[in-house]
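Some labels in a structural description deserve to be checked against their definitions. The questions below take up a few of them in turn.

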Amino acid sequence: MHELAITQSVVDQISERLGGARVTRVALEVGRLCGVVCDSVRFCFDVCTQGTALGGARLEIIQIDGRARCRDCGASFAVDDLLTLCRCGSADLELLAGQELKIREVEIANV
Amino acid sequence: MCSTCGCAEGARAVIVNPEGAKATSAHDAPHAPDHHHDATRAYEHSHPHPHLEEQHRTIRLEQDILAKNNRLAEGNRGWFAGRNIFAVNLMSAPGAGKTTLLERTIRDLGSELTISVIEGDQETPRDAERIRAAGARAVQINTGTGCHLDADMLSRALRALEPAPRSVVMIENVGNLVCPALFDLGESARVVIMSVTEGEDKPLKYPHMFRAADAMVLSKADLLPYLEFDHARCVEYARRVNPRLELFTLSAVRGTGLDAWYEWLRRRGAS
Ligand SMILES: Nc1nc2c(ncn2[C@@H]2O[C@H](COP(=O)(O)OP(=O)(O)OP(=O)(O)O)[C@@H](O)[C@H]2O)c(=O)[nH]1
Ligand SMILES: [Mg+2]
Ligand SMILES: [Zn+2]
């Protein structure tokens, strides 16, 4: 369950950057091809944030669609999974988008 | 959870060096020089968003979630490069034959290559003991509940192992085809092992792992006569997920098909 390590890392990084400020919302960017299950992240988020400055924060996950460029014919197109082939038949694709795993922004309560 | 480096206490990995017979947990060992903490400040500004309540402030972070692991992995990569060490991250489902292949490789190549091993398992020092019995130095990482090795565990294990310059370090990751794919260790090459008993469509079912690998070992080839395993189809599936994958079909028990694997190790280890 790498989602637990990923989510723990989100909580750690936010705590490290913002100190003790109370966080009310966290927005993550998760690419559809990055191999992270969003429902697992949601589950882990509630567990990992308990008793921290992120406790009770709303989790927003922005999913990023996959895009690839064919190394053989140069075409670029949308991809839904890692098994997609180019229309020219090639499997040699460079992923342009869909592997994101980022903390986009957080919202904190002003005191 | 440790507020200094973010290691989760519940998932603290324990490193066992059979030579020193001493177990170190995350915080007994001093942090590596590269295990420093991000001193950059959050880039803050207030957005007067009309839809937000007055007392809330949005802070743009745009921060890679794996940034810390990736930074430590780069530290390991530099450490290997500075010593001319070829480091291989071996990944597979549990029981695909990682340790058996390592034992055989150590016995066959031990006289020409210096090989040492870092063993990752959730529990027990058994695999490291097998490697030592085969004649190589080994350190065991027990991840506890952790399902993969990460760059921090590797850097701590390296300090316990102290591999020789111009040698080969084999890293046996925790048996798992999902999680290790996401965590860069700073290795020189990634090898995925699948045994012929796992079914030829494994690459399609776990595309992240096969896409992340440089080479694939199809192990336990001695069992092919007893199975309905379509070798050509397996190769086709693997290449579909990763056209750049180097492929080795071998049996570590019977000793067949090992030459190409050894040739690859020699070639990559020398460069
Ligand atoms: N027939 C056959 N059996 C093999 C071969 N290689 C390994 N095995 C058997 O497969 C089982 C698992 O082998 P290991 O080498 O321990 O596998 P592993 O991937 O290190 O396992 P974990 O560390 O537990 O994930 C053992 O019973 C081995 O004897 C092979 O080439 N042929
Ligand atoms: Mg093993
Ligand atoms: Zn194409």
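The following questions and answers concern a predicted model, and they deal with a metal site and with one helix.

Q: What makes Thr99(B), Asp127(B) and Glu172(B) donors of the magnesium ion (ligand 2)?
A: Donor atoms must lie within 2.8 Å of this metal, and OG1 of Thr99(B), OD of Asp127(B) and OE of Glu172(B) coordinate the ion at 2.1 Å, so they meet the cut-off. Along the chain these donors follow the spacing T-x27-D-x44-E; Thr99(B) belongs to helix α2 (residues 98-109) of chain B and Glu172(B) to strand β7 (residues 168-172) of chain B, 73 residues apart, and the pair thus links distant parts of the chain.

Q: Why is Thr99(B) called buried?
A: Buried means a relative accessible area under 20%, and because Thr99(B) has 5%, the term applies; Glu172(B), with 2%, is also buried.

Q: How do you know that the span of helix α2 (residues 38-49) of chain A agrees with what is expected?
A: At 1.5 Å a residue, its 12 residues should span 16 Å, and the end C-alpha atoms are 16 Å apart, so the two values agree.

Q: Why are the buried residues of α2(A) said to line one face of the helix?
A: The buried residues are Cys38(A), Ser40(A), Val41(A), Cys44(A), Phe45(A), Cys48(A) and Thr49(A), and because they fall within an arc of 140 degrees when seen down the helix axis, they line one face. Their cover includes α1 (2-18), β1 (23-31) and β2 (58-64) of chain A, whereas the face turned away from the buried side carries the exposed residues Asp39(A), Phe43(A) and Asp46(A).

Definitions and conventions:
Residues numbered from 1 in each chain as written. Chains lettered and ligands numbered in written order. Predicted model: local features only at pLDDT ≥ 70, side-chain atom pairs only at ≥ 80, totals over all residues. Heavy atoms only, no water. Donors = N, O, S within 2.8 Å, 3.2 Å for Na, K, Ca; no water. Helix = DSSP H or I, 4+ residues; strand = E, 2+ residues; numbered from the N terminus. Buried < 20%, exposed > 50% of the residue type's maximum accessible area, 1.4 Å probe, protein only. Expected span 1.5 Å × (residues − 1). Arc of directions from axis to C-beta. Contact = heavy atoms within 4.5 Å.
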